[in-house]
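Biologist: I would like a close look at a single part of this model. Please take one helix, then place it in its surroundings.

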Amino acid sequence: MMTPRHQERFQALLDEHKRILYKVCHSYCGNRDDREDLAQEIIVQLWRSFGRFDERCRFSTWMYRISLNVAISFYRRESTRTRHVISDDERVLDAVDETSSQPEDIRLLYEFIEKLNEVNKALVLLYLDGNSYAEIASVLGITETNVATKINRLKNSLKQEFSSRQTG
Amino acid sequence: MTELDELKAQWEAHDRQLEKILRLNHELLSAAKLQPAESQLRRVGFYAGLEAAMWLVIVVALGNFIAGHIRMPGLALSAVAVDVMSIGMLSALVRRMIGALQIDYSQPIAVIQVQVERLRILRIQTTKWGILSGTVLWVPWLAVVMQAVFGVDIYVSGDAAWVIVNVLFGLGLCVATIWASKKYGDRIAASPVIQRLMKDLAGHNLIAARGFLATLREFERE
């Protein structure tokens, strides 16, 4: 049973790390209403698991694991879900003046992420957010060497993607 | 810009910008608003439990029926066939419920996604074989229900040709269902539930699930 103190702590931590929520939702959903549905699913799952959260661990690592696991599961069933239309009052996460906040390179980067498969999306997000190879390995459940290999591959494919855009 | 590392600097700036422009709707984050979502999940669990209880009652009732009609081979064999199907449905449902309860999303992605995908495969196979075996076994089901409810043995009172034609009809319907779901599955319905059912029957969802498991295995390999 969650005490009011737990609830306050949960809200404060979530507020502090809301950017993770935004980036995960934007990387896995192209549609605004789907993003909102996903954000709500992630928050419910975080809330359900918060009682088991070990305060000795970093909240961001724990939040990444849950958010990415929920996002991948959501993405895998997205095509057969009933779509909801959500009013602005019902939105749990909102960005003020969102369009002006994304420079061209970031927009292209989100486009690049969108084309990756479910697990590589997670890898790129964790890398861009400055997590160490050890942290990435712990969230993904693969070895650090494997993380390094995959990141190198992704760097090469990004280079190709951008150079083909420039030549094309 | 072509390098992921160069983009990292931009990403950090984007991150700082997000800190300024993002706002969480704290009212929606209150326990009062989160609790209904939790109870909705509990309701799903409750209905799954109810379904399992229903199959258990059917399995036990069929066991009694078999014992009571052991000297009537037609009826006893029909009941055995539908009992095997019911036991299969019950065990698949229990495995799915246990599997769903064991999922802990705070575990590493490679571990959890394999569990989730295996559960999805089990759901697809249960749906597919439940519908197909139900279609093929509809005459044995009818025979058991008619005997249990009205005391009428359709194998004795009915014409043998009628029984054979209906068994063949069940088989034909089964083949036609698979063919139609493969050919028209994408166009038949706008409802996501029906679409999912069609894709389950046609095998599209199973192929996708197995494909994703292969992606995960590949991802874990160095």
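The request and a connected reply follow.

Biologist: Take helix H5 of chain B. Which residues of H5(B) are buried, and which are exposed? Then go on to the cores, the contacts between the chains and the two domains of chain A.

Modeller: A caution first: this is a predicted model.

Start with the span of the helix. H5(B) runs over residues 138-150 and has 13 residues. From its first C-alpha to its last it reaches 17 Å. That is close to the 18 Å expected at 1.5 Å a residue.

Next, the buried positions. In H5(B) these are Val139(B), Pro140(B), Ala143(B), Val144(B) and Gln147(B). They lie on the same side of H5(B), because they cover an arc of only 135° around the axis. The spacing fits a general rule. An α-helix has 3.6 residues a turn, so residues three or four places apart point the same way. On the other side of H5(B), Val149(B) and Phe150(B) are exposed. After the helix comes Gly151(B), with a positive phi near 70°.

Chain A offers a parallel in helix H7, residues 133-140. Here the buried residues are Ile136(A), Ser138(A), Val139(A) and Leu140(A). Just after H7(A), Gly141(A) takes a positive phi of about 80°.

Now the cores. The largest nonpolar core has 55 residues. Within this core, Ile42(A) and Ala71(A) touch the most other members. Helix H4 of chain A, residues 59-77, gives the most to this core, with nine residues. Domain 1 (1-100) and domain 2 (102-168) of chain A both give residues to this core, so it lies between them. Ala71(A) touches Val24(A), Tyr28(A), Leu38(A) and Ile42(A), leaving out residues up to four places away in sequence. A second, separate core has 13 residues. Among its members are Leu62(B), Met85(B), Leu137(B) and Val139(B). Val139(B) is also one of the buried residues of H5(B), which ties the helix to this second core. As a general point, nonpolar side chains tend to be buried together in soluble globular proteins.

Turn to the two chains. In chain B, 44 residues are in contact with 58 residues of chain A. Several elements of chain B give two or more residues to the side that touches chain A. They are helix H1 (4-21), strand S1 (22-24), helix H2 (31-68), helix H4 (109-136), helix H8 (192-202) and helix H9 (204-220). H1(B) gives the most, with 11 residues. By type, this side of chain B divides into 24 nonpolar, 11 polar and nine charged residues.

Two residues from these helices of chain B can be placed in more detail. Val114(B) lies in helix H4 of chain B. It counts as partly exposed because it has 16 C-beta neighbours inside 10 Å, where a buried residue needs 20 or more. Leaving aside neighbours within four places in sequence, Val114(B) is in contact with Leu213(B) and Leu216(B). The C-alpha atoms of Val114(B) and Phe212(B) are separated by 8.8 Å, although the two are 98 residues apart along the chain. Pro192(B) is found in helix H8 of chain B. With 14 other C-beta atoms within 10 Å, Pro192(B) is also partly exposed. Pro192(B) and Glu12(B) are 180 residues apart along the chain, and their C-alpha atoms are separated by 39 Å.

Last, chain A. It has eight helices and one strand. From the N terminus on, the elements run α-α-α-α-β-α-α-α-α. Chain A has 168 residues, and buried residues make up 35% of them. Take its contacts with a separation of 6 or more: residues 24 or more positions apart account for 70% of these.

Chain A is divided into domain 1 (1-100) and domain 2 (102-168). In domain 1, 14 residues are in contact with 12 residues of domain 2. On the domain 1 side, the elements that give two or more residues are helix H2 (18-28) and H4 of chain A. H4(A) supplies the largest share of that side, seven residues. That side divides into six nonpolar, five polar and three charged residues. H4(A) therefore appears twice: it gives the most to the largest nonpolar core, which lies between the two domains, and the largest share of the domain 1 side that touches domain 2.

Technical notes:
Residues numbered from 1 in each chain as written. Chains lettered and ligands numbered in written order. Helix = DSSP H or I, 4+ residues; strand = E, 2+ residues; numbered from the N terminus. Expected span 1.5 Å × (residues − 1). Buried ≥ 20, exposed ≤ 12 C-beta atoms within 10 Å, placed from the backbone. Arc of directions from axis to C-beta. Contact = placed C-beta atoms within 7 Å. Nonpolar A, V, L, I, M, F, W, Y, C, P; charged D, E, K, R; others polar. Core = buried A, V, L, I, M, F, W, Y, C linked by C-beta atoms within 7 Å. Domains from an automatic or database assignment.
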